[in-house]
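I'm opening my notebook on this one and jotting things down as I look them up. Sequence and structure go in here before anything else.

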Amino acid sequence: MKNKMRGILAIIKKEFARFFLDRRMLLNTLIVPGLLIYVVYTLMGTIVSDIAGTGDSYTAAVRNMSAYIAPAFEQSEVFEITSATESDEYYTGQVRNGEIDIYVVFPDDFDDIVGEVIEGSPSSVTIPNVEIYFNSSEDSSSTAYSAFVATLDVFEGSISNVFDINAGEADYDLSTTSPTSYILSAIVPMVLLVLLFSGCMAVAPESIAGEKERGTFATMLVTPVRRSHIAVGKIVSLSCISLLSGISSFLGLILSLPNLMQGVFDVVDLSVFSAGHYLMILGVMLATVLLLVAIISCISALAKSVKEANSYIGPLNIIVIVVGLLSSFVGSSASPLLYLIPLYNSAMLVTDVMALTVTPLNFVITLVSNIVYACIFVFLLTRMFNSEKIMFNK
Amino acid sequence: MQEILSVQNLKKQFKLSYKQQRLQRTPQKMLTAVDGLSFTAYKGEIFGLLGPNGAGKTTTLRMLATLITPDSGDAIIDGCSVVRQPDEVRSRIGFLTGELKLEDFFTPDYLFNFFSDLYGVPENVRAVRKRELFSRFGIDRFAEVKLANLSTGMKQKVSLVISVVNDPDFIIFDEPTNGLDVLTAKTVTDFLLELKSQGKTIILSTHIFSLVEKICDRVGIIIDGKLAALGTVSEITGEKNLEDVFFDIYAARAGGTL
Ligand SMILES: Nc1ncnc2c1ncn2[C@@H]1O[C@H](COP(=O)(O)OP(=O)(O)O)[C@@H](O)[C@H]1O
Ligand SMILES: [Mg+2]
């Protein structure tokens with residue numbers, strides 16, 4: 001038994017040595033991705049808030065300010081809000097002259113209708129219309145308009161989220177959960193999927209196609225080590241390394257989000273997630289990385305060189321991006337069967353975790369199905385290592 | 001003379017892709033790389049497979065190393081069939097191709113240990129063997145230096161040593177001096193002669209006449225996957241030199257002219 005495992009262990013040890021003893025490699029896969037994302041997102045956030053904050057804040061006159069929305073503006077200092085007491089014409093005139101940036105009119109019954117929607121029993125089908133007057137020839141007015149609309153969008157998204165999933169649960173605590181999870185569930189899954197993919201891309205083609213290209217694979221195949229052991233050893237070690245890179249990216253991403261959203265919404269609050277949520281994300285990341293590494297390894301085994309492998313894997317990269325985007329648009333799904341779709345299930349599950357709507361069943365389906373798919377690809381990889389047509393193609 | 005390798009009517013065809021058909025300007029779908037090859041090698045000798053590019057040398061040696069399976073025929077190495085007992089064959093042979101580029105990142109010491117692990121060489125045996133091989137070939141001076149920082153000659157020594165980590169009695173070298181400068185090539189030939197002096201059997205392929213004349217005991221000339229001549233170097237050359245004899249044979253096979 002010990003003898004049998006020796007090959008797998010030797011291969012895992014070598015891949016780890018290659019990674020952990022190489023300072024440049026460590027830097028490039030562990031530190032740089034997370035740091036880069038953190039810096040870029042923070043910078044983006046700063047720039048956005050700088051633009052949004054020309055003259056530091058905007059002036060808005062608001063009639064019938066909604067009690068649901070007011071807190072979002074109180075927390076941030078983007079808007080200086082005055083309650084409208086004069087006539088509509090007075091304020092539209094001020095917007096036209098540039099004395100104030102925008103004039104917002106909430107309908108009288110806005111809070112009543114929203115309240116009913118949140119409680120899950122809307123009495124009418126009228127959709128309240130919020131009117132925002134702005135002056136497109138004034139930059140600050142246009143930006144103020146966009147920022148106000150964005151805040152309303154987030155709010156709207158958050159109530160329909162709650163409505164979709166928790167219809168009937170009247171005691172659902174809306175105020176602490178909604179904006180954060182809404183924003184995160186829109187951004188994180190797709191970015192995470194793409195980052196995991198690039199983590200796998202950084203190691204798998206080099207380790208499979210690279211060894212083939214250099215002839216070291218043939219040297220390994222002449223040894224008595226089983227092909228299946230080579231395949232398992234490679235997939236396990238490469239997955240661990242890619243997972244570490246994925247965790248680094250994820251930390252960079254999640255820590256930078258409050259900075260990305262700064263000024264526009266001061267509502268990104270990571271404390272709404274429990275340790276269990278983070279563990280679920282870790283589990284999904286592991287299963288996803290296993291699958292991605294296994295797929296990328298199989299494709300790499302077909303190639304004669306790292307360069308060729310990378311060109312084969314290009315289309316897969318596009319699929320990953322599309323799947324990530326799709327999950328942000330489509331949102332979470334009710335049918336557990338959809339959690340059998342590889343990659344899409346990972347993105348959906350992360351969406352669910354972020355939106356605090358994840359169910360244990362969907363988590364287990366995602367985890368197990370991805371691991372099963374990964375095993376199928378490991379089996380396939382073994383077959384490929386056994387095939388002289390593939391390993392010694394011309 | 002004790003027989004250690006017996007090649008029996010080995011055949012190997014490759015299916016050509018459309019791209020290969022176009023490149024080689026042939027309408028044929030199949031290419032016969034090795035066409036009924038038979039020969040024997042005896043214990044303790046250096047046997048050379050001499051032939052031009054594309055003659056089928058690499059294909060033959062890969063079949064002997066169990067990397068690819070023959071379409072028909074067999075080869076028996078030290079009593080084991082490459083077709084029926086590939087695992088036994090693998091544990092008995094060493095294999096090195098001139099195209100091998102070991103990973104730059106690792107040290108000779110690390111790679112020696114890695115391949116020893118793959119062969120399942122016990123720790124204590126490995127330590128003794130490593131010390132002996134490293135000192136005999138002067139690797140101990142740079143055993144802890146990454147390959148990236150070594151000269152071509154040093155790297156080649158490391159590759160050679162790696163191919164014998166399991167202390168095989170039968171070693172296969174595919175174009176071991178291909179693309180090497182004269183000094184590095186000398187390192188290689190010295191290494192091969194050293195192995196021979198230890199009683200090991202070597203089969204090598206090459207297209208370099210001088211290498212065969214210098215170190216091979218017997219030689220098989222292979223052209224288009226078929227054996228065109230077989231014997232000791234002096235049997236084949238007689239009064240002439242190997243190069244002239246080769247071109248005579250080649251011209252005869254190709255139908256009179258080169
Ligand atoms: N995997 C392969 N697929 C198709 N053709 C191949 C393959 N390997 C070798 N060949 C062809 O078989 C012939 C013999 O090749 P090879 O054994 O590499 O020759 P040598 O080593 O003597 O130069 C060549 O024509 C080569 O193109
Ligand atoms: Mg060759």
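Before looking at who faces whom, I need the rule for pairing: two strands pair if DSSP finds at least two bridges between them. I also need the elements themselves: helices (H or I, at least four residues) and strands (E, at least two) are DSSP runs, numbered from the N terminus.

**Ground rules**

I'm working on a predicted model, where local features need pLDDT of at least 70, side-chain atom pairs count only at pLDDT 80 or more, and totals for chains, interfaces and linings use all residues. Residues are numbered from 1 along each chain as its sequence is written, chains are lettered from A and ligands numbered from 1 in the order in which they are written, and side-chain values use heavy atoms, with hydrogens and water left out.

**Confidence**

I checked the scores: ipTM is 0.92 and pTM is 0.80. For chain B, the average pLDDT (the predictor's confidence in each residue, from 0 to 100) is 92, and 98% of the residues score at least 70. Note to self: where pLDDT is low, the predicted coordinates should not be read in detail.

**Chain B, strand 1**

I followed strand 1 (residues 3-15) of chain B and found 10 bridges to strand 2 (residues 30-42) of chain B, running antiparallel. Which residue of strand 2 of chain B stands opposite F14(B)? I found L31(B) there. Strand 1 of chain B also runs antiparallel to strand 4 (residues 72-77) of chain B, with five bridges between them. In that pair, Q8(B) faces D74(B).

**Chain B as a whole**

I counted 10 helices and 10 strands in chain B. The radius of gyration (taken over C-alpha atoms) is 19 Å for chain B, close to the 18 Å that the globule rule gives for 258 residues, so chain B is as compact as a globular protein of that length. That rule is 2.2 Å times the number of residues to the power 0.38. Along the principal axes, the C-alpha atoms of chain B fill a box of roughly 55 × 40 × 40 Å.

How much of chain B is buried? I got 54% of the 258 residues, with buried meaning under 20% relative accessible area, exposed over 50%, and partly exposed in between (1.4 Å probe, protein chains only). I then looked at contacts (heavy atoms within 4.5 Å) in chain B between residues at least 6 apart in sequence, and 68% of them join residues at least 24 apart.

**The sheet in chain A**

Over in chain A, I found an open sheet of four strands in the order 2-1-3-4, with mixed pairing. Why do strand 2 (79-83) and strand 4 (131-133) of chain A have a side without a neighbour in the sheet? Both stand at the edges with a single partner strand each, so one side is left free of a neighbour. From one strand to the next, the twist averages 25°. For angles, axes are lines fitted to C-alpha atoms, for helices over the stretch in contact, and angles run from 0 to 180 degrees between N-to-C directions.

I traced the parallel pair next: strand 1 (residues 58-63) and strand 3 (residues 102-105) of chain A share four bridges. Here A61(A) is opposite Y103(A), and R63(A) is opposite V105(A). Helix 4 (residues 88-97) of chain A packs on the sheet and touches strand 1, strand 2, strand 3 and strand 4 of chain A. Its direction makes about 150° with that of strand 3 of chain A.

On its other pairing, strand 3 of chain A runs antiparallel to strand 4 of chain A over three bridges, where V105(A) has E131(A) as its bridge partner. I also checked which way the side chains go: I102(A) and V104(A) point one way from strand 3 of chain A, Y103(A) and V105(A) the other way, and all are buried.

**Helices in chain A**

I picked Y38(A), in helix 2 (residues 23-52) of chain A. Buried or exposed? Y38(A) is partly exposed, at 33% relative accessible area. Leaving aside neighbours within four places in sequence, Y38(A) contacts G252(A), L255(A), S256(A) and N259(A). I47(A), also in helix 2 of chain A, is partly exposed at 46%.

Last stop, helix 5 (residues 110-119) of chain A: its buried residues are F110(A), I113(A), V114(A) and G115(A). Just after this helix, G120(A) takes a positive phi of about 85°.
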